[in-house]
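Reader: I am new to this structure. Please take me closely through one part, the place where the ligand sits.

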Amino acid sequence: MLIAGKLVAATNKIEVINPSTAETLALAPDASQGDLDRAIGAARAAFPHWSALPVDTRRKSILALADKIEASSEALSRLLTAEQGKPYADANSEVMGAAAWLRGTASLDLPITVNEDSEARYSETRHVPLGVVAAIAPWNYPLLLAAFKIGPALLAGNCLLLKPSPFTPLATLKLGELALDLFPAGVFNIISGCNSLGPKLTSHPGIDKISFTGSTETGRKVLASASGSLKRVTLELGGNDPAIIMHDVDVSILTEALFWAAFSNAGQICIASKRVYIHTAVYEELRDALVDYAKTIKVGDGLEQGTRIGPINNRPQYERLRHLVQDARQAGILFAFEGDIPNSPGYFLPVTILDNPPEDSSIVQEEQFGPIMPLLRFDSYDEVITKANATPYGLGASIWAKDEEAAWELGTRVKAGTVWINEARHLSPLVPFAGHDQSGFGVEGGLDGLLEFTVPKTMIRKRQAV
Ligand code: NAD
């Protein structure tokens with residue numbers, strides 16, 4: 001772990017499993033209460049100096065971290081594949097994406113607003129850092145989602161404690177080695193541990209702000225735990241994104257992009273397309289094209305040549321998905337396609353395409369977070385908007401059509417923080433990303449995301465000496 005500018009071990013360890021083999025990959029540190037207190041103490045001690053530095057100095061450190069990540073991309077990608085399961089090429093995209101995200105965030109500036117400049121008075125508002133930030137990341141994109149938090153928290157002048165998921169701590173811990181010489185001691189700390197570490201972190205009185213990405217269920221606990229000392233909170237939570245396919249699409253152009261909108265990272269993406277609504281005019285044609293494409297996709301170990309989809313990251317999620325699919329089968333839902341999986345003890349699930357399951361089935365209503373694509377037939381656009389919006393979530397949505405204007409118009413009626421037309425999942429460090437309803441609380445990305453790590457400070461001077 002990286003604590004107070006030093007790489008330290010912990011007395012206790014957690015086991016990290018390679019999901020492609022279900023075997024132990026490594027032992028990672030399980031931080032003690034003492035480790036946590038030391039890291040928070042170091043961060044608090046480092047804050048006055050770090051926050052007083054010119055923003056350009058902090059920017060340089062973040063850019064240097066991006067360079068180091070890029071220079072170590074091969075080792076980081078292999079580690080990420082081994083602990084997360086995603087194919088090597090996808091792991092590499094994540095690593096490079098994390099570096100790009102840091103660079104993008106580092107290009108932002110904290111605005112200074114002049115509120116009044118009159119004969120009577122001068123008034124301006126700046127955005128000052130909050131203090132010590134706890135960043136908590138999930139297991140689906142350990143490095144990229146950590147970068148979403150590292151960049152803005154540090155650029156704004158906060159000190160940081162980053163905690164990866166116990167299922168995927170290794171690549172994140174490796175960041176500690178890369179960051180060691182780039183920041184003053186205590187500014188950037190990385191600790192790992194079992195699931196009880198999260199609540200200890202979120203309730204700790206030494207934390208001023210929590211930036212959390214994970215499930216809606218855990219998000220609620222984080223919010224409750226933060227209330228004790230009124231910590232600021234940003235929550236990026238679950239989603240059940242609809243993809244709406246309009247009547248005029250060209251199936252041959254659409255199929256591949258739509259397939260990956262749902263199945264990238266084995267479907268373990270908050271903004272994966274999890275409910276695919278297809279206009280009745282193209283339903284059969286698109287269903288058959290998706291099935292034909294799915295037949296060409298290899299599921300396997302991410303380090304094996306040709307693998308496009310890896311295993312589910314961890315056993316609890318694997319078991320949850322197996323039950324969800326089993327329930328669907330017992331309920332008589334039609335399976336348009338169920339692919340092959342390797343003969344291996346790893347947590348592999350087949351690519352599964354469901355043929356028009358009932359709207360109220362759990363496989364449609366719940367966030368699956370796995371390689372499952374329910375295809376849902378609709379007749380009218382009013383009907384599909386009602387169905388798409390009938391969810392407690394509101395993270396993302398996509399509309400696919402030849403008539404881009406009609407798609408845009410339909411998109412204005414969908415309840416979601418981001419609506420994509422003719423693509424899905426495109427994110428940028430310069431654009432705000434926020435969940436509506438139970439998908440989130442606050443913003444990541446763009447200036448809005450940066451400002452979440454600050455508090456406004458207004459100074460007013462009356463133009464009269466006393
Ligand atoms: P999770 O909620 O189980 O865990 C997320 C993190 O919280 C982990 O680091 C975990 O150790 C920690 N944690 C667990 N219990 C805690 C507690 N009581 N207090 C504080 N921390 C605690 O989520 P997951 O299973 O790792 O990730 C999958 C979920 O994340 C999905 O629902 C997915 O949609 C969501 N997600 C959302 C976004 C987004 O940007 N909106 C991005 C990726 C994933």
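Author: Helices (H or I, at least four residues) and strands (E, at least two) are DSSP runs, numbered from the N terminus. Leucine 235, for one, is found in strand β11, residues 232–236. Residues are numbered from 1 along each chain as its sequence is written. This is a predicted model, where local features need pLDDT of at least 70, side-chain atom pairs count only at pLDDT 80 or more, and totals for chains, interfaces and linings use all residues.

Now the ligand. It is surrounded by 30 residues, where near means that a heavy atom of the residue lies within 4 Å. The closest are Ala137, Ser215, Thr218, Leu237 and Glu367. By class, this shell holds 15 nonpolar, 11 polar and 4 charged residues. Ala, Val, Leu, Ile, Met, Phe, Trp, Tyr, Cys and Pro count as nonpolar, Asp, Glu, Lys and Arg as charged, and the others, Gly among them, as polar. Three elements each supply at least two shell residues: α7 (197–203), β10 (209–213) and α8 (216–226).

Next, the polar contacts, which are pairs of N or O atoms within 3.5 Å. A polar side-chain atom of tryptophan 139 lies 2.8 Å from a ligand oxygen. For serine 215, a side-chain N or O atom is 2.8 Å from an oxygen of the ligand. For glutamate 367, the distance from a side-chain N or O atom to a ligand oxygen is 2.6 Å. The protein covers 90% of the 850 Å² of accessible area that the ligand has on its own, by the Shrake-Rupley method with a 1.4 Å probe.

How values were computed
Heavy atoms only, no water. Polar contact = N/O pair within 3.5 Å; in protein donor to acceptor, adjacent residues only side chain to side chain.
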